[in-house]
Amino acid sequence: MTPAIITAAICGAETTREMTPHLPITADELAQEAVRCREAGASVIHLHVRRDDGTPTQDRALFQKALDAIRGRTDAIVQTSTGGAVGMTADERAQPLECTPPPEMATLNAGSLNFGDDVFLNPFPLVREFARRMRAKGIAYELECYDVGHVEACLRLAEEGVIGLPAHFDFVMGVRGGIQASEDNLTFLVMKLPKGCTFNVAGIGRHQLPMAELSLRMGGHARCGLEDNIYSSKGVLAKGSFELVARVAELARAAGREIATPAQAREILRIPGRPR
Ligand code: KMH
Ligand code: ZN
């Protein structure tokens, strides 16, 4: 089977220092955590940034600082978020795409949904515009799908020529308002994918490790980290995303999968090469 790509979602927009003291916030902390995750087996770092007081932001300058710090210390692929936090405007969310050199990869959220008690808005015009900007800058995108309709939306956008196929999908499973984390649901999502597409699974909360294992056994890739889950076992806080990456790497080996290096991940994800 293809080597397994492990994505470390090290910060996110919703996890707080009150929930876990191990959340990285500054550029230096984010880079340190990225290095630890890389050593544990991650080849992709999914990146959000925070202001010094811990609040989420999509500020370009803060992304530039974090990107430079991470690129200076690891060879991992940095995938910047364009989702940000619920309630942010499209212009606010798109800022990391303006960094120089641009990030190698970014998320492209494929549809709207209830996100807990909030609403995460991703109307078609926003998705089209973000895809256009990413393509213009040569930024690879990961299609974030929180429900089956989002996968079907991606296929419509592919028919329009907005999204190229084959593409790389991320099935986010277990958001309150999105598709729930189960084997049946994952099987159904995977069945929808056109030939040659690759997929990643991000299980939320207690579903993180079981869904990672399932995805790895099904030939997919896996995302873990404090953005989606702060526990290493029931009631025990993970000391950082690196601990969860190490667990997922063990699951991958047990499933007979080699762990992808960043170079292998670039090949699998069709990313041309690291910008200088
Ligand atoms: N914070 C979520 C509302 C992404 O990074 O693109 C959206 C999110 C997705 O985290
Ligand atoms: Zn995110």
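**Exercise 1. Find the polar partners of ligand 1, and the residues around it.**

Step 1. Start with Glu14. An N or O atom in its side chain lies 2.9 Å from a nitrogen atom of ligand 1. A polar contact here is a pair of N or O atoms within 3.5 Å; within protein, one must be able to donate a hydrogen and the other to accept it, and residues adjacent in sequence count only if both atoms are side-chain atoms.

Step 2. Turn to the oxygen atoms. An oxygen atom of ligand 1 is 3.1 Å from an N or O atom in the side chain of His48. An oxygen atom of ligand 1 is also 3.2 Å from a polar backbone atom of Gly83.

Step 3. Widen the view. Ligand 1 is surrounded by 15 residues (a heavy atom within 4 Å). The closest are Glu14, Ser81, Gly84, Thr107 and Asn109.

This is a predicted model: local features need pLDDT of at least 70, side-chain atom pairs count only at pLDDT 80 or more, and totals for chains, interfaces and linings use all residues. Residues are numbered from 1 along each chain as its sequence is written, chains are lettered from A and ligands numbered from 1 in the order written, and side-chain values use heavy atoms, without hydrogens and water.

**Exercise 2. Identify the protein donors of the zinc ion (ligand 2), and say whether its histidines are buried or exposed.**

Step 1. List the donors: His46 (NE2), His48 (NE2) and Glu227 (OE), lying 2.1 Å from the zinc ion. Donors are N, O and S atoms within 2.8 Å of the metal (3.2 Å for Na, K and Ca); water is not among the atoms, so sites may look incomplete.

Step 2. Read the spacing along the chain: H-x1-H-x178-E.

Step 3. Check accessibility. His46 is buried, at 2% relative accessible area. His48 is buried too, at 3%. Buried means under 20%, exposed over 50%, partly exposed in between (1.4 Å probe, protein chains only).

**Exercise 3. Place His150 and describe its surroundings.**

Step 1. Locate His150: it sits in helix α5. Helices (H or I, at least four residues) and strands (E, at least two) are DSSP runs, numbered from the N terminus.

Step 2. Classify His150. Its relative accessible area is 8%, so it is buried.

Step 3. Find its partners. A polar side-chain atom of His150 lies 3.0 Å from the backbone oxygen of Ser112. Beyond neighbours within four places in sequence, His150 is in contact (heavy atoms within 4.5 Å) with Ala110, Gly111, Ser112, Leu113 and Cys145.
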